[in-house]
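Biologist: I am new to this structure and should like to understand the reasons behind the terms used for it. May I ask about them one by one?

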Amino acid sequence: MYSIETRDLTKSFVLYRGFLDAIRRSGNRDILTTLDRVNIKVQEGEVYGLLGPNGAGKSTLIKILCTLILPSEGEAYVNGYDVVKEGQQARESLGFVTTDERSFYWRLSGRENLQFFATLYNLPQSVVRSRTEELLDVVRLKHRADEPFYSYSAGMKQQMAIARGLLNDPAVLFMDEPTRSLDPGAARNLRKFIKEKIVAEKGKTIFISTHQLDEAEELCDRVAILDEGKIKANGSPLELKAGLSQGCTLGDVFSHYTGKASLDEQSTPFPVNIPRQKSRGRGIGRRRGI
Ligand SMILES: Nc1ncnc2c1ncn2[C@@H]1O[C@H](COP(=O)(O)OP(=O)(O)OP(=O)(O)O)[C@@H](O)[C@H]1O
């Protein structure tokens, strides 16, 4: 069994650009295909990287795997659980590290934040306390645990996010661009921390999205290059480079498979017009997933 597996996973969004637009273009509506028949297999204990430019579909894939949004077509399994039909079991077996620091309570201390989120997992209070202390140790924040969250540095806030993702002791941890808001030094420290503490010590499977080549190379056992919703190549960074030519970099591999000069180039999946289907719910005037 794979820790993560997707089969022809596809996600399309219907784009509504406003009420008038919906009336004027009543015969058509725009569909944006963000993921197009994505197939990946991640082994237990692996660090698997999703490498792609802005807009490639990385967050969409992670959101589907974390059961936050539904796919349009195809299947996805996390720890053997179907993310659509067995969402509850899948959720219980995974952790999600989001870069959104506003999802913490800024006036509460680090310890109080972790205790609060642990309580949401319905854990007994004794487990809440012991798990919180264990994770504060893991992320090396015990000495600042009673200080308010707002006083933490960006790197410390990210470490708190990782601690929160580990509260339910998940087998798989999803991380959506965890070093996005960090300076190069703090990013390096966080990568080291993920490798040494979360992978080597805790034995977790990590699924990480990034648009940084050095991060993918340093951290990941295998990498999938995602561009315009499609997996263009996958393998270990070494295999991918060796498959091209001697002395080439992961950046060359990326350019070779995507035709883009760099990862900073935006991914632009094109909307496709399809005949209008009956709209469900109150979606007119805003973007709505199908
Ligand atoms: N709810 C939505 N409705 C319509 N389009 C969406 C929605 N969510 C995402 N998209 C579109 O899907 C595409 C992929 O977005 P996604 O956030 O998955 O990319 P990404 O690779 O994570 O990019 P980034 O690195 O900038 O976070 C983008 O073009 C985005 O505008």
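Modeller: The discussion that follows concerns a predicted model, and it moves from the chain as a whole to single residues, the sheet and the ligand.

Biologist: What makes up the protein chain in terms of helices and strands, and what percentage of its residues count as buried?

Modeller: The protein chain contains ten helices and twelve strands. It has 290 residues, of which 36% count as buried. Where contacts link residues at least 6 apart in sequence, 72% of them join residues at least 24 apart.

Biologist: Why is S3 called buried?

Modeller: The cut-off is 20 or more other C-beta atoms within 10 Å. S3 has 23 such neighbours, and therefore counts as buried. This residue belongs to the segment before strand 1 (4-15).

Biologist: How do you know that S3 is in contact with residues beyond its neighbours in sequence?

Modeller: A contact requires C-beta atoms within 7 Å. Leaving aside neighbours within four places in sequence, S3 is in contact with several residues, among them V42, N79, V172 and T205. For V172, the separation in sequence is 169 residues, while the C-alpha atoms are 7.1 Å apart.

Biologist: What makes the six strands in the order 6-7-8-3-9-10 an open sheet with edges?

Modeller: The pairing in this sheet is mixed. Strand 6 (94-97) and strand 10 (230-235) each have a single partner strand, so one side of each is left without a neighbour in the sheet, and these two stand at the edges. From one strand to the next, the twist averages 15°.

Biologist: Why is the pairing called mixed?

Modeller: Two strands pair if at least two bridges are found between them. Strand 7 (residues 172-176) and strand 8 (residues 205-210) run parallel and are joined by five bridges. Strand 3 (residues 47-51) also pairs with strand 9 in the parallel sense, over four bridges. Strand 9 (residues 222-227) and strand 10, by contrast, run antiparallel, with five bridges.

Biologist: Which residues stand opposite one another in these pairs?

Modeller: L173 faces I206 in strand 8, and Y48 faces R222 in strand 9. Between strand 9 and strand 10, D227 has K230 as its bridge partner, and L226 has I231.

Biologist: What makes strand 9 and strand 10 a hairpin, and why is strand 9 called largely enclosed?

Modeller: The hairpin has two residues between its strands, and E228 in the turn has a positive phi of about 50°. Five of the six residues of strand 9 are buried, so this strand is largely enclosed by the rest of the structure.

Biologist: Which residues have the most contacts inside the largest nonpolar core?

Modeller: They are L65, F174 and I206, in a core of 63 residues. Leaving aside neighbours within four places in sequence, the contacts of I206 include V47, Y48, L173 and M175.

Biologist: What is the direction of helix 6 relative to strand 6?

Modeller: Helix 6 (residues 154-165) lies across strand 6 and strand 7, and runs at about 165° to strand 6.

Biologist: What makes up the shell around the ligand, by class and by element?

Modeller: There are 15 residues around the ligand, the closest being F13, N54, K58, S59 and T60. By class, the shell has four nonpolar, nine polar and two charged residues. Strand 2 (28-42) and helix 2 (58-65) each supply at least two residues, and helix 2 gives the most, with three.

Conventions. Residues numbered from 1 in each chain as written. Predicted model: local features only at pLDDT ≥ 70, side-chain atom pairs only at ≥ 80, totals over all residues. Buried ≥ 20, exposed ≤ 12 C-beta atoms within 10 Å, placed from the backbone. Contact = placed C-beta atoms within 7 Å. Near = placed C-beta within 6 Å. Nonpolar A, V, L, I, M, F, W, Y, C, P; charged D, E, K, R; others polar. Core = buried A, V, L, I, M, F, W, Y, C linked by C-beta atoms within 7 Å. Axes fitted to C-alpha atoms, helices over the stretch in contact; angles between N-to-C directions.
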